Every structure is written in C-alpha cells, then in structure tokens.
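Biologist: I am new to this structure and would like to go through it with you. Could we begin with the way you count contacts?

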Number of protein chains: 2
Amino acid sequence: MTTRWLTPKEQRAWRAYMAATHLLEDAIDRQLQQDAGMPHLYYGILANLSEAPERKLRMTDLAEKSKITRSRLTYAVTRLEKDGLIRREDCQWDKRSSFAILTDEGMAVLERTAPGHVETVRAAVFDHLSAEQVEQLEEISSVIARALEGDESTPRPTADELPWRRRSSPCSGS
Amino acid sequence: MTTRWLTPKEQRAWRAYMAATHLLEDAIDRQLQQDAGMPHLYYGILANLSEAPERKLRMTDLAEKSKITRSRLTYAVTRLEKDGLIRREDCQWDKRSSFAILTDEGMAVLERTAPGHVETVRAAVFDHLSAEQVEQLEEISSVIARALEGDESTPRPTADELPWRRRSSPCSGS
DNA sequence: TAGGTTTGTTTCAAACTTTAACCAAGCGTC
DNA sequence: GACGCTTGGTTAAAGTTTGAAACAAACCTA
C-alpha cells in the first residue's frame, strides 16, 4: 500500500502540536525544578500518591498510574526516598509487592508547590482557551489516548506493561 | 492572591492531554527505535536537516529548529555522525561555526523510515479526528505555543536559547 | 507437591539529558 | 591593538531513562 502522507492541514496541526507539547513540557519542568527541585514526572508521582487511599500504592499500580515503566519508577522512588518525600513498605499479603507511601514531608512539599504548578499550567494553557476549546482539547486528547491504549499493533516493552491491563491490587486499600 | 485552581472540566482536559501526549511520545519513540534505530528526537534532527538548503545547517540553527539545547545537539550529532547519517563541516566565513550535513545514507534512512513514521502518527492521531478536530487541534496548539514562546516570565536556560531570538545565520545557504 | 509459568520488583549497563563550565573566534571600544 | 563582552560550539560530571536480564514469591496443574 502506498503511504498515506499527511495533508497540509494535518501537517500544520502536527507541527503545532509537537511544538506546543515540547515547549509546554519544558516550561513545566523548568518551573518545577526551580520551585520543587524535581522534574514534572517526579511531581506527578507524588501527586498520584497523594490521591491514593492512605497515600499508598503498590509500585506496579503507581507505575501504571504514572504511565511509566516499573524500572523508571524504581529509580525515581529511590531518589524521592532519599529526599524523604516517599518511603517504602513491604506488602504483608503478597511478599513480592512493595508499597510506596507519601510521607508527611512529601505531602508538605506537594501542598507548598501545587499553587505555583497550577499557575504555570494556567498561564500556559487555560488562560488562553475558550470553554469550547477546553472541551475540544479533552475530546481530542481522549480519542488519541484511547487509540493508543487499546492498540497492540505497536509492540510494547512487555505484556504486563499494557495500560488496559486493569487489575485491582491484591492488597491495596486500607 | 489565592490560587486559581483548575475547574473539574479543566482538570479532565489536562489529565487527558497529559495522558495522550505521554502515550503518543512513547509510541512514536518505540516505533522509530524499532524501525530506524533512533529516538524521535534524533529522527526530527535528520528531518530538519533534510528540509534545509543543501541539507546543511549550522549547529545553532539546527538546535533552534529542533528546539533543543546546543549541548544536547552536540551529543546527538556525534552519535549520528558515528552512524554515518550526518557529517560535520567547518564554516569558512565564521571559524567558530560548524555545519551539520545530512549524508546520502542519512537521507536514505529517512526515506526508508518516513512511511512507517507517518503511518504511526496517522494511526494514533489523524485517523481518529474529524476535519474540524484537526483544525481545533492546530488552533489550540498554536495558542499554547505562542503563549510559551512569547513568555519570558519562566526563566530559560540561557538567553540565546530563546525561540524568539530570530537571527539569520551569517553563513548559511549555498 | 514437584515442575513450569506468571507476577512484582529490582539490578545493571548502555544510552541519553542536563548543568555548568570551558575555549576559541568575532565584535566593539577606548 | 588590548580590553572586555558576546557568540558558537564542545566538554565533563552528575543525573535520568531505557531495555534486558535477574530474582524471588505466588500461582498453576498434572
């Protein structure tokens, strides 16, 4: 089959999208590095933990929520543990598992830095979008995410990395 | 001033957007690593070169086009040079400058892998969007990019890294 | 319940990014 | 024409990410 190249319109959209995501991620990383001493990804890990019951999640679940590989998470948690923002705890029920838990200090850092982060996102994105555009952005993003999550044609690192592999943790929750 | 938190709608949009960009970048990286043996960024560097007159660009200009730091580019070009896809050449007029030039082999790699790349982008994005949504995406992305490019409140690494610092190269072109 | 498989996590090496110097060449000026 | 500032590019060290093992616990199943 001959290649279905992008139309000029699609190309413009694609380039604009690439530029925007690139600049945005850079800006957020800079802001968080400055104010919280960590990159966006690490901030997201803390944020994910903060929303979990007991601020506590199995490594695998946390990796899934943060949409990163487990190995990357291991490194990140090790670092954040050194900083005192997270601590680990073994799982009683499943000896293979271990929890990552947001410490009080971690929560404090999050609370202290959240306003600045939100302000950055607002200034970069939502202050410039109409209500309709916010909805459009959600719709478009959801479609793309769904397409990628449900797609197995693109080979993933390992089978258990797949986002649609929804399993409740054997020993999560209180 | 009290923090202007995100509304639920904005939050949904933000999360969807983050998930989409993350999954998308991952998928593209995997596909290109598989088929072209390099990450998206490196592919982009080659692509930028391929569009330049004589497939040739000063390092600084290439960094600017690729929206990365010069140091990052130095590393990337060194790697791509090892692979034989790029070669360097000194600038006659300005002894400080050096060019990065896409070799024939580099061009061949690009031509061989472009269809697969486009197909990935299509399958992940444009196959699922209506014509209106493509326009919306471009509009939204452009707004965000413009906001970030014109914004100096977020401190950048160094002044000469700023995207709006448009200068024509002293010795570019033929 | 022994054997093989799956699951949860970590480890390791190689690749990549960042940050802060560093160096040399141009530029301005006194 | 020497001083200082800017520009183009690289380097070095520390930090991060990746991808492929390695490992141990849990789960089959015959």
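Modeller: A polar contact here is a pair of N or O atoms within 3.5 Å. Please keep in mind that this is a predicted model.

Biologist: Which backbone contact to a phosphate oxygen of DNA strand C can you show me for B:Lys95?

Modeller: A backbone N or O atom of B:Lys95 is placed 3.0 Å from a phosphate oxygen of that strand.

Biologist: And which elements give two or more residues to the surface near DNA strand C?

Modeller: In chain A they are helix H3 (59-66) and helix H4 (70-82). In chain B they are helix H2 (40-51) and helix H4 (70-82). The largest share comes from H4(B), with 4 residues.

Biologist: How many residues surround DNA strand C, and which are the closest?

Modeller: DNA strand C is surrounded by 23 residues. The closest are A:Thr60, A:Arg70, A:Arg88, A:Ser98 and B:Arg72.

Biologist: What does A:Arg88 do there in terms of atoms?

Modeller: A polar atom in the side chain of A:Arg88 lies 2.7 Å from a phosphate oxygen of DNA strand C. The side chain of A:Arg58 also has an N or O atom placed by a phosphate oxygen of this strand, at 3.3 Å.

Biologist: What part of DNA strand C lies within 4 Å of the protein, by atoms?

Modeller: Of the strand's atoms within 4 Å of the protein, 70% belong to sugar or phosphate, and the rest belong to bases.

Biologist: How do the residues of that surface divide by class?

Modeller: The surface near DNA strand C has 11 charged residues, 6 polar and 6 nonpolar.

Biologist: Let us turn to the other strand. Which residues are closest to DNA strand D?

Modeller: They are A:Arg72, B:Thr60, B:Thr74, B:Arg88 and B:Ser98, out of 20 residues that surround DNA strand D. Sugar and phosphate make up 68% of the atoms of DNA strand D that come within 4 Å of the protein.

Biologist: Which base contact is there for B:Arg70?

Modeller: An N or O atom in the side chain of B:Arg70 is 3.2 Å from a base nitrogen of DNA strand D. Phosphate oxygens of this strand are approached in other ways: B:Thr74 places a polar side-chain atom 2.8 Å from one, and B:Ser98 places a backbone N or O atom 2.8 Å from one.

Biologist: Which elements supply two or more residues to this surface?

Modeller: Chain A supplies helix H2 (40-51) and H4, and chain B supplies helix H3 (59-66) and H4. H4(A) gives the most, with 4 residues. By class, the surface near DNA strand D has 10 charged, 6 polar and 4 nonpolar residues.

Biologist: Now the two protein chains. How many residues does the contact take from each?

Modeller: The contact takes 66 residues from chain A and 65 residues from chain B. About 6,000 Å² is buried between the chains, and carbon and sulfur atoms give 68% of that area.

Biologist: How many salt bridges are counted between chain B and chain A?

Modeller: The count is 12 between these chains, while over all chains it comes to 28 salt bridges. One pair is B:Lys9 and A:Glu135, whose side chains meet at 2.6 Å, N to O.

Biologist: Why does that pair join two chains?

Modeller: B:Lys9 lies in helix H1 of chain B and A:Glu135 lies in helix H6 (residues 131-149) of chain A, so the pair links the two chains. A:Arg122 also forms a salt bridge with B:Glu10, with the closest N and O atoms 2.9 Å apart.

Biologist: Which helices of chain B give two or more residues to the side that touches chain A?

Modeller: They are helix H1 (8-36), H2, helix H5 (104-124) and helix H6 (131-149). H1(B) provides the largest share, 20 residues. That side of chain B divides into 35 nonpolar, 17 charged and 13 polar residues.

Biologist: Finally, what is the average pLDDT of chain A?

Modeller: Chain A averages 85, and 86% of the residues score at least 70. Over residues 154-174 of chain A, however, the pLDDT is below 50. Beyond near neighbours in sequence, that stretch has 39 contacts in the model.

Note on methods:
Residues numbered from 1 in each chain as written. Chains lettered and ligands numbered in written order. Predicted model: local features only at pLDDT ≥ 70, side-chain atom pairs only at ≥ 80, totals over all residues. Heavy atoms only, no water. Near = heavy atom within 4 Å. Polar contact = N/O pair within 3.5 Å; in protein donor to acceptor, adjacent residues only side chain to side chain. Nonpolar A, V, L, I, M, F, W, Y, C, P; charged D, E, K, R; others polar. pLDDT = per-residue confidence, 0-100. Contact = heavy atoms within 4.5 Å. Buried area = accessible area lost by both parts, 1.4 Å probe. Salt bridge = Lys/Arg side-chain N within 4 Å of Asp/Glu carboxyl O.
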